[in-house]
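This report looks at one helical residue and its surroundings, and then at the pairing of charged side chains. The sequence and the structure are shown first.

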Amino acid sequence: MASDAETPEGAGPRGANGRFIRTPEGAARDARAARLRAQGRSFQQIADELGLKSKSCAHEAVGRALHSLVADDAEALRQREAARLDALTEEALAVLERTHYAHSHGRLVLGEDGKPLLDDGPKLAALRELRAIRESYRRLHGLDSPAKVEMGGELRYEVVGISPDDL
């Protein structure tokens, strides 16, 4: 059986979906491979030092480590952006929940009964903002399903220099 270092995903056991599961040991080995590469070691030297099967396994280990670093940073950024969107949501909800009265030329507009008229404009604007915030949140977390593109038509081959009758 192949060692942890020789598996495509750098893991040992497989999950229910058949893919290799990344282990803490494999992640630590990948990080060590990246550190060795940063020190100027060749992939063959990394493979020899870490006991990997080949220099391509060392290359893959370094790639996994770099991908992991980028993924960690991306997740931290995603969390910060989600917190900002949450704060915007709170503000928009506060506007939505307040009572807004109609004004004209700096004066309160009163109805026939003498009571101030309500202005639905700020609430509608808050609803539009909430919708835009939710769209941003879905995009940030990849919750929208990808758009399906269907293509149709026909494909025609033409052989140049040969008469169709000769075929």
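Threonine 89 lies in helix 3 of this predicted model. With a relative accessible area of 13%, threonine 89 is classed as buried, because the cut-off for that class is under 20%. The side chain of threonine 89 reaches back to the backbone oxygen of leucine 85, at 2.8 Å. When residues up to four places away in sequence are left out of the count, threonine 89 touches Leu130 and Ile133.

Helix 3, which spans residues 55-97, also carries a charged pair: glutamate 81 and arginine 84 both lie in it, 3 residues apart, or about one turn of the helix. These two residues form a salt bridge in which the closest N and O atoms are 2.4 Å apart. Glutamate 81 is partly exposed, at a relative accessible area of 28%, and arginine 84 is likewise partly exposed, at 49% relative accessibility. In general terms, side chains of opposite charge can pair when their charged atoms come close.

How many salt bridges does the structure hold? The number is 6, and the table sets out three of them, including the pair in helix 3 just described.

| Salt bridge | N to O distance |
|---|---|
| Arginine 29 and aspartate 30 | 3.8 Å |
| Arginine 41 and glutamate 49 | 2.8 Å |
| Glutamate 81 and arginine 84 | 2.4 Å |

Are the partners in the bridge between arginine 29 and aspartate 30 buried or exposed? Arginine 29 counts as buried, at 15% relative accessibility, and aspartate 30 counts as buried too, with a value of 0%. The N to O distance of 3.8 Å between their side chains qualifies as a salt bridge because the cut-off is within 4 Å. This pair does not stand alone, for Arg29, Asp30 and Arg64 are linked in a network of salt bridges.

For the bridge between arginine 41 and glutamate 49, whose side chains meet at 2.8 Å, N to O, the setting is as follows. Arginine 41 is partly exposed, with a relative accessible area of 29%, and glutamate 49 is also partly exposed, with a relative accessible area of 39%. Both residues are placed in this class because their values fall between the buried limit of under 20% and the exposed limit of over 50%.

Note on methods. Residues are numbered from 1 along each chain as its sequence is written. This is a predicted model: local features need pLDDT of at least 70, side-chain atom pairs count only at pLDDT 80 or more; totals for chains, interfaces and linings use all residues. Side-chain values use heavy atoms; hydrogens and water are left out. Buried means under 20% relative accessible area, exposed over 50%, partly exposed in between (1.4 Å probe, protein chains only). Helices (H or I, at least four residues) and strands (E, at least two) are DSSP runs, numbered from the N terminus. A polar contact is a pair of N or O atoms within 3.5 Å; within protein, one must be able to donate a hydrogen and the other to accept it, and residues adjacent in sequence count only if both atoms are side-chain atoms. Contact means heavy atoms within 4.5 Å.
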